[in-house]
Amino acid sequence: MSAVVYEASEVRRARYAVAAVFAVHGAVTGSFATRVPWIQDHASLSTGQLGLALAFTAFGASCAMPLAGRISHTLGSRNALRGLIALWTVSLILPALATNLYTLCLAMFAYGASAGMADVAMNALGVEVERLLDKSIMSGLHGMWSAGALIGSAAGTLAAHLGADARLHFALAATVLTLLGVSVCRWVLDLQPAEDEEPPPRFALPPRSALLIGAVGFCAVFAEGASLDWSAVYLRDRLETSAGLAAASTTGFMLTMAVARILGDAAVDRFGAVRTVRSGGVLAALGGLLVVVAGHPAVAMGGFALMGLGIAVVVPLCFAAAGRSGPNPSQAIAGVATITYTSGLIAPSLIGGVAQATSLMVSFCLVTALSCGLAVFVGVLRAGERDRPTVSPRTAAVPDPRP
């Protein structure tokens with residue numbers, strides 16, 4: 001493929017645009033997470049049934065993510081991201097419309113499928129921008145995702161406190177986020193395939209380089225998904241808090257994740273990916289232990305906040321390592337994303353199933369144990385590291401841009 005040259009100002013502008021897309025993507029997730037108790041009550045679901053329905057989110061994502069590369073190849077990276085982010089924001093409306101287990105499962109499948117495709121597209125663009133800028137930005141981009149999730153969860157906390165109908169809440173949020181997401185996509189890089197380039201396969205197994213990197217992401221995403229989907233339910237059911245305070249636990253979790261990710265690039269540059277993730281695993285395990293032993297809402301909320309701090313930088317570092325691990329960054333990123341979303345597929349249903357058989361406290365013992373797994377597999381992030389290419393301060397060449 002022939003080289004494509006970008007002005008440095010264009011690359012910087014693309015960085016801010018991709019960051020905004022990450023924030024929009026996160027705001028959808030944050031909006032949804034705080035209203036899970038409302039959705040559960042509206043659909044008249046037990047804890048186990050809710051866990052099953054939530055599992056369809058990651059199931060839909062895992063099925064649809066391999067399609068993202070094909071869509072980007074056909075439409076170009078800019079148009080693909082514009083369409084996929086709009087599909088994701090609009091899908092927020094679906095879960096609130098479900099009135100039983102079956103319709104909620106269908107809604108969550110569509111919700112997850114659109115989330116996964118947009119996720120792969122925006123991370124692939126983020127890795128390209130990071131390479132062109134010749135410095136670490138992936139943690140910061142995911143920090144913007146967390147910041148967006150924090151804003152969405154804060155709005156959701158207010159809506160829950162006011163007793164607002166989630167259907168109205170989600171419709172308003174989807175409208176605002178769709179307009180914002182589509183607008184900022186005009187400034188992202190528009191990577192186009194060469195005329196003679198073969199389109200990627202519609203479905204492909206993760207490459208070998210992605211498997212061990214994905215194992216690290218698996219542990220982190222399991223803890224993240226459990227905290228996002230179950231923290232509000234945990235405080236409401238086990239500690240008998242109000243709906244507003246229960247939703248605030250999700251906001252606290254997202255707050256620590258946002259702060260840690262925004263500061264994460266500096267920490268990685270100073271201490272390295274391996275030491276940063278290993279230390280995070282210790283913090284996440286400590287947070288999980290606090291959640292398990294909590295007898296007061298403040299202790300549980302502090303535990304969820306520590307978990308957010310500990311796992312914050314893991315997923316962005318996994319995507320960055322995947323992008324450096326082989327000749328096809330997009331395929332490796334999709335592979336890691338598939339593995340991490342598989343963790344998201346397992347987490348909600350397993351947490352719900354264990355809770356149904358025992359209690360939510362026992363479920364979070366499992367989350368704590370998996371957080372310790374970050375220290376076991378973390379060495380693979382070192383294997384993906386390599387020297388970054390040197391680029392001109394005024395222009396940046398892309399020898400092989402892949403959507």
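**Figure 1. Aromatic pairs in the predicted model, with the Phe59–Phe109 pair in close-up**. The structure, a predicted model, holds seven aromatic pairs. The ring centres of Phe59 and Phe109 lie 5.6 Å apart and the ring planes meet at 65°, so this pair is edge-to-face. Distant parts of the chain are linked by the pair, since Phe59 belongs to helix 3 (residues 47–64) and Phe109 to helix 7 (residues 101–133), 50 residues apart. Phe59 is partly exposed because its relative accessibility is 37%; Phe109, with a relative accessible area of 30%, is also partly exposed.

**Figure 2. The edge-to-face pair of Phe304 and Phe364**. The two rings are 5.5 Å apart from centre to centre, with 85° between their planes. Phe304 is located in helix 13 (residues 297–311) and Phe364 in helix 16 (residues 360–372), so the pair ties together parts that are 60 residues apart in sequence. Phe304 has a relative accessible area of 0% and is therefore buried; Phe364 is likewise buried, at 0%.

**Figure 3. An aromatic cluster of three residues**. Phe32, Trp88 and Tyr111 together form one aromatic cluster.

**Figure 4. A nonpolar patch on the surface**. Leu255, Val259, Ile262 and Leu263 make up this patch of about 370 Å². Leu255 is part of helix 11 (residues 243–271) and counts as partly exposed because its relative accessibility is 43%.

**Figure 5. The chain as the setting of the close-ups**. The chain contains 18 helices and two strands. Of its 403 residues, 57% count as buried. The accessible surface comes to about 15600 Å², and 65% of this belongs to carbon and sulfur atoms.

Technical notes: Residues are numbered from 1 along each chain as its sequence is written. This is a predicted model: local features need pLDDT of at least 70, side-chain atom pairs count only at pLDDT 80 or more; totals for chains, interfaces and linings use all residues. Side-chain values use heavy atoms; hydrogens and water are left out. Patches are made of residues with over 30% relative accessible area and no salt bridge: like charges are joined within 9 Å, nonpolar side chains (Val, Leu, Ile, Met, Phe, Trp, Tyr) within 5 Å. Accessible areas come from the Shrake-Rupley method with a 1.4 Å probe; for residues, only the protein chains shown count as cover. A salt bridge is a side-chain nitrogen of Lys or Arg within 4 Å of a carboxyl oxygen of Asp or Glu. Helices (H or I, at least four residues) and strands (E, at least two) are DSSP runs, numbered from the N terminus. Buried means under 20% relative accessible area, exposed over 50%, partly exposed in between (1.4 Å probe, protein chains only). Rings of Phe, Tyr and Trp (its six-membered ring) pair if their centres lie within 6.5 Å; planes under 30 degrees apart count as stacked, over 60 as edge-to-face and the rest as tilted.
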